[in-house]
Amino acid sequence: MHIVFAGGGTAGHINPAIAVAGYFKRIYPDCRISFIGTKKGLESRLVPNSGYDFYTIDVAGFQRSLSVKNIFKNISAVCKVFTSSIASRKLLKQLAPDYVIGTGGYVCGPVLREAAKLGIKTAVHEANSFPGVTIKMLASVVDKVMVVNEDAANRLNCKNPPVITGNPIRSALTSLTKTEARKKLGIPMNANVVLSFGGSLGARALNEAMLEVIKWNMDNNKYYILHSTGKFGYEAFLKRLGEIGHNSLDPKNQVFEYIDNMDVMLAAADIVIGRAGAMTINELQVCGKASILIPSPYVAENHQYYNALTLKNIGAADLIEEKDLSGGALLNILGELFADKKVIREMAKKAKESAVNDADRRIAECVLNI
């Protein structure tokens, strides 16, 4: 059996595919797994590092804002619509897969369209509550559409009824208890722990707000704050904190560029503050964490807002739009939540109850049943 995955651009498109590929290899050790992506996408690093065969095509998305530079980019993207389809067809004939699974991103489009034309069994998985343009276009073409929840299913016009599978996540995230995690981090069990992050690159607005929160906490000593600035802004963040006397060894106000031990940090946290990407939402659900979500307004079709709304509507999260974000707004919500920890526990319980813990199995079975 040979399975080809097509997806790329962001970790939210790639990591679910890698998780499902791992499940297939555990259940069917002799199956062959290949990935199709782009040379410049994050997949070009993540997929080979996971040990899978990786092939590339040249494809690009369309720029939404109008400028002279973007007009030329869009002309190039139109040309690549045709060349990427030809390249995809040639590659698929060479690989001769039994199944092709798309997980989002521009590369998904030509690969899945050509696979369907060739009569190969096809499926796509949508990780967000608000489906992306590529998945919307493919929903009426592929044999099976798999979605994260009912909200996503209702927003698609599918060739066959969609299947709710949830999003697959790393098993390491559920391996630690709060007690074990806090022992590893040297944090007391009775502490109020806040974990905040804006992704690997960072989020400027969130960093600005968390700067205010940490300044307040340095004077009031109420929380254990674990904040990741992301790649852009780390040095400037530390410099501004240093100017007001922040000690980099202060255990109650810890700042990182990137969190390598997210499994430990998530397990230790009472409340998580962050963006609302599909994988973040899923990890909050599986780990059972109360959260304050600040959706990025810069993503396609504002899909992070709809992701966040999924948790807010069930009482598992608070939602702040970026235009309303400030340190004061975060401190107000934190103060209200920690004033009655039963509320935090209830939010965490609702997040946990909404989780799908066997998404990799569901996706694999859905594909094999086409």
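**A tour from two cysteines to a seven-strand sheet**

Select Cys 158 and look at its sulfur: the closest cysteine sulfur, in Cys 366, is 11 Å away, which is too far for a bond. Keep in mind throughout the tour that this is a predicted model. Check the surroundings of Cys 158 next, and you will find the residue buried, with a relative accessible area of 18%.

Now select Cys 108. Which cysteine holds the sulfur closest to that of Cys 108? That sulfur belongs to Cys 158, and the gap of 14 Å is too far for a bond. Cys 108 is buried too, at a relative accessible area of 0%. A disulfide needs two cysteine sulfur atoms within 2.5 Å, and by this rule the model has zero disulfides.

Move on to strand β6, residues 144–147. Side chains in a regular strand alternate between the two faces of the sheet. Are the residues on the two sides of β6 buried or exposed? Lys 144 and Met 146 lie on one side, Val 145 and Val 147 on the other, and all are buried, so both faces of the strand are covered.

Add strand β5, residues 121–126, to the selection: β5 and β6 run parallel and are joined by four bridges. To see one of the paired positions, pick Glu 126, whose bridge partner in β6 is Val 147. Then follow the chain from β5 through helix α5 (residues 133–138) and on to β6; this β-α-β crossover is right-handed.

On to strand β7, residues 163–164, which pairs with β6 in the parallel sense over two bridges. Select Met 146 to find its bridge partner in β7, Val 163. Val 147 has Ile 164 as its bridge partner in β7.

Zoom out to show the sheet. How many strands form it, and in what order? There are seven, arranged β3-β2-β1-β4-β5-β6-β7 in an open sheet with parallel pairing. Strands β3 (53–56) and β7 are the edges, each pairing on one side only.

Finish with two helices that pack on this sheet. Select helix α1, residues 11–27: this helix touches β1 (2–6), β2 (32–37) and β4 (99–102), and its direction makes about 165 degrees with that of β2. Then select helix α4, residues 108–117, which touches β1, β2, β4 and β5. The direction of α4 makes about 150 degrees with that of β4.

Methods. Residues are numbered from 1 along each chain as its sequence is written. This is a predicted model: local features need pLDDT of at least 70, side-chain atom pairs count only at pLDDT 80 or more; totals for chains, interfaces and linings use all residues. Side-chain values use heavy atoms; hydrogens and water are left out. Buried means under 20% relative accessible area, exposed over 50%, partly exposed in between (1.4 Å probe, protein chains only). Two strands pair if DSSP finds at least two bridges between them. A crossover is right-handed if, with the strands pointing away from the viewer, the path from the first strand over the helix to the second runs clockwise. Contact means heavy atoms within 4.5 Å. Axes are lines fitted to C-alpha atoms, for helices over the stretch in contact, and angles run from 0 to 180 degrees between N-to-C directions.
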